[in-house]
Amino acid sequence: MKTTPDLLNGEIDADGMNIIVPGSVSVDKKSGWNKGGRLPVSLFVAAVEQAPVAISITDKKANILYVNKAFSKVTGYKPDEILGENESKLSDKCTPRQVYYDLWHTISRKEVWHGCLINRRKQGERYLADLTIAPMLDEHGTITHYIGMHRDVTQAHHADQQVINQKQLIESVINTSPVAMVVLDNENRIVLDNQMYKMLISELGHPEPALFFMDALQLDMGDLWARPDDSAQHRLGFNNREIRVEGIGRRGTRWFSCSGNWFSESDTDADSFFSKQAKEYLLLSINDISLIRRQQEKIHIQALNSLLAEEEHMRSIRETLLGAMHQIRQPLNQINAAIQIMAQRKDTQNQPLKELLSQVQEMGEETLATLQRCVPEIPEAAVTSVNLNQLLHEVMLLYSQKFLANGVVVDWMPNPVLPSVLGAENKLRMMFKQLIDNAINAMNRAGSNDRMIKIGTSVERDWVKVTVADTGPGIPVNHRSKVFEPFFTTQQTLGSSQSGMGLVMVREIVNQHSGMIEIDPAYLAGCCFQISFPIKQSSTRVNIHE
Ligand code: FAD
């Protein structure tokens, strides 16, 4: 086939050996390089012939005049089998008519058309052709030929489609998941979420619940949340971290189990083509477990009721015995002092009395030892991660009957989300029960009309603070330090249920939890205890022993 100069948008020189192409450097066949804008025709022919893209040149009706080697390789047709045929011979006849219409409409307007067609090889196999057709014009701007260039993109399309299918599959799985899911980038921007997550937005009334949960998780996990050193591939994930949310939305207290997985994705920007860069993302799953927690709470409260009744019984036996031992210890100490004095005076006259006193002392010590043996052991308390909102809520449920019976109104003001503290649940429960008991007794004693107990929680720096305030008579200033001493009671009536050991036990438990307790001097409406516990950190130590 003879290639015409205007076909290649250049001019042939006088001897017919070179093509003058504007903007090119040519090689002259006779005198060598740099003749200025001349290239041998044979070079153009070879370039088209050897190009790794299937190239065909047609007349204005798409009858094929030329095909290169790659064309034969892709279509299976040798030049002598296809030259003179129409390009439609390649058609699998399943490309929509509209596509051909668009193709012809474009190229006949002297524009380049680019698109995909379904072709059939000589052997009958279908393939997807990524085709570009360009019109070729003569010096008057009239279309003389068309050049078509195509590649078999069946496999690339297959791979692309697979990626799209996978993405759709993942999106539909994520969307139909009953768990709220959200993907955040390393600047905490939401890059993907699902239907359940969108529902959380309206239910919790928070514009971006993920950020709310991230704050709560960071507070709860402390050091564990922080990024490990740079040698690690990416941050460690976390599983089933429970977040209790107070009084948000219409459904009151809600429980969520949160899991997080960090993953990295290769950057798709051009600058990271050779030097791979990765972006880190967090997949956060937020599972609403409120229903199951509420059911568990009911069963738990029933079990707690009997457990606490038993513990209270044990404690009252302990306190009674310890009180009795305290009562016996005082005269015994006096007897002991008398014996010592007699011994120092070498008083032989009162020898029988001395012996009697010694006998009494001995018997007293034996009685004390017997009583000591009868003091019931309190079982070792397990130290766990405790959410004080949860624990106080349980105590209030346990007391609901008592509150009703005593006409007490409870004002519950929890911090919406509370980090955990380390502690022995039973002990803490006993402690709060004691404070509530004291409050009810004080209000009953004073015959207060407005009987209200305000229980609140808050977070102050690294501490969780609990306040238990009542509208009773309060504790006089001069008694405030004494109330924590053993057997001290502001209650004058003898035979009262108060032994003066309750607040001793409260302070002991607070101390065991490395906490602090004080009576708020600014609270004038009654008595207000403020108890603070350190937020659980990986370094927090709690020594619970009787
Ligand atoms: P056809 O009767 O050929 O054409 C269908 C419709 O196309 C017509 O109704 C009309 O609207 C339009 N049309 C056809 N010819 C013209 C024309 N001369 N001027 C204006 N409109 C016209 N097709 C493939 O399937 N695979 C290919 O790889 C392929 N490569 C091509 C490469 C080049 C350079 C060119 C110019 C065309 C190529 N074609 C290719 C298109 C091909 O020529 C056919 O138009 C197409 O295959 C449809 O064939 P058909 O027999 O079904 O319908």
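A polar contact is a pair of N or O atoms within 3.5 Å; within protein, one must be able to donate a hydrogen and the other to accept it, and residues adjacent in sequence count only if both atoms are side-chain atoms. The model is predicted, with local features requiring pLDDT of at least 70 and side-chain atom pairs pLDDT 80 or more, while totals for chains, interfaces and linings use all residues. Residues are numbered from 1 along each chain as its sequence is written, and side-chain values use heavy atoms, without hydrogens and water.

**Exercise 1.** Identify the side chains that hold polar atoms close to ligand atoms.

*Solution.* Start with the ligand oxygen atoms: one is 2.9 Å from a side-chain N or O atom of Y100, and one is 2.8 Å from such an atom of W104. Next, take nitrogen: a ligand nitrogen atom lies 2.8 Å from a polar side-chain atom of N119.

**Exercise 2.** State how much of the ligand the protein buries.

*Solution.* The ligand alone exposes 910 Å² (Shrake-Rupley method, 1.4 Å probe). Of that area, the protein buries 73%.

**Exercise 3.** Describe the shell around the ligand.

*Solution.* First, count: 19 residues surround the ligand (a heavy atom within 4 Å). Then locate the elements (DSSP runs; helices H or I of at least four residues, strands E of at least two): α4 (97-107), β8 (113-120), β9 (126-137) and β10 (143-152) each give two or more residues. The largest share, 4 residues, comes from α4.

**Exercise 4.** Determine how α8 (residues 290-345) and α10 (residues 388-398) are oriented.

*Solution.* Their packing angle is about 70°, with the axes 10 Å apart. The two helices are therefore roughly perpendicular (65 to 115 degrees).

Note on methods:
Axes are lines fitted to C-alpha atoms, for helices over the stretch in contact, and angles run from 0 to 180 degrees between N-to-C directions. Angles under 35 degrees count as roughly parallel, over 145 as roughly antiparallel, 65 to 115 as roughly perpendicular and the rest as oblique.
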